[in-house]
Amino acid sequence: TENVIVDCDPGHDDALALLLAVGDPRLRVLGVTTVAGNQTLDKTTRNALRMLALAGVDGVPVAAGCDRPLVGDLSVAEYIHGVSGLDGPDLDLPVADVAGVHAVELMRRLITESAEPVTLIALGPLTNVALLLRRHPEVAPGVRRIVFMGGSTGRGNTTPYGEFNIVTDPEAADIVLRSGLPTTMIGLNVTHQALATERVIADFRGLGTRLGTVCAELMTFFASAYLREFDFPHPPVHDPIAVATVIDASIVRTVAAPVAVELTGAYTRGATVVDLHHRTGDTPNADVAVGLDVPAFWHLLMTAVRRLGAP
Ligand code: BDR
Ligand code: CA
């Protein structure tokens, strides 16, 4: 098993990613940390607690982190994830208490106390992770690698060339990509292949558990938002792919490449500039996902949700 910390901003796809992380026996989730992104920090934190409660998981600490990007103001994705950040299902249920420490402090403690190096799985803006690396550089040897959902080898989704997580906090992404730690980038170029089709939604419902129904309702809401905003017939389920990569590296094909974050572009701030063909001569700083085994990915996710859900 691999020790992981999941940093997230649930978020419909973050919610499924959390289920995959706690539902697959190959990962040990040491803690969950939350960040502002898809919604405000209070909402993303409540949503993380709700998903863990629904999954019947207790004993995994949840800590709230940064309530805004390192620079500039927060702009949430309410148009995709709704007012609650997790619109669709009825998620009114008792939840555990949030840890009494900041996410960065929880990450520091968990990494320091872990006998094995820890993999950080980052599913939202990289604010907490960047702050951890700046404030506690001594934890670096305890970090096996940072797998993040963000960026793209091609076009964006929030601006023409900017993906939401990177656009929300470009400076944080820049810090992480310059950190010298091993990073894996799961960008839109692969996540746009993992689509929650009617078939996927029916499979969730067919599990016959409360969790399966919640997943189906989450994806139904997500689908309507993506249809309205992007005219996509099916919504891309981004974040669980980052978790799946840690469970089974063969889910994605990666190439080592230099990745820079555009911090100043007049039109492209927050774009990831991926030198796939080694034109810059720069040293690769990321393993960039370029291919996805779509059926294997859905099998992993469905199996985890089935395993967690008591009827
Ligand atoms: C990313 O942005 C968020 O809306 C999703 O949760 C995902 O992490 C996709 O661009
Ligand atoms: Ca997310």
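## Helix H7 and its neighbours

In this predicted model, the buried residues of helix H7 pack against a mix of helices and strands. The helices are H5 (127–135) and H6. The strands are E5 (143–149), E6 (183–186), E8 (259–261) and E10 (286–292).

Which residues of H7 are buried? They are Pro170, Ala172, Ala173, Ile175, Val176 and Leu177. Helix H7 covers residues 170–177, and because six of its eight residues are buried, the helix is largely enclosed by the rest of the structure.

## Around ligand 1

Helix H6, one of the neighbours of H7, also turns up beside the ligand. Both helix H6 (164–168) and helix H1 (12–23) give two or more residues to the shell around ligand 1.

That shell holds 15 residues, and the closest are Gly11, Asp13, Ala77, Phe164 and His238. How many residues of the shell are nonpolar, polar or charged? There are five nonpolar, six polar and four charged residues.

## The chain as a whole

Stepping back, you will find twelve helices and ten strands in the chain. Its C-alpha atoms fill a box of roughly 55 × 45 × 35 Å along the principal axes. A compact globule of 311 residues would have a radius of gyration near 19 Å, and the 18 Å of this chain agrees with that.

Buried residues make up 55% of the 311 in the chain. Among contacts with a separation of 6 or more, 82% come from residues 24 or more positions apart.

How values were computed: Residues numbered from 1 in each chain as written. Chains lettered and ligands numbered in written order. Predicted model: local features only at pLDDT ≥ 70, side-chain atom pairs only at ≥ 80, totals over all residues. Helix = DSSP H or I, 4+ residues; strand = E, 2+ residues; numbered from the N terminus. Rg over C-alpha atoms; globule rule 2.2 N^0.38 Å. Buried ≥ 20, exposed ≤ 12 C-beta atoms within 10 Å, placed from the backbone. Contact = placed C-beta atoms within 7 Å. Near = placed C-beta within 6 Å. Nonpolar A, V, L, I, M, F, W, Y, C, P; charged D, E, K, R; others polar.
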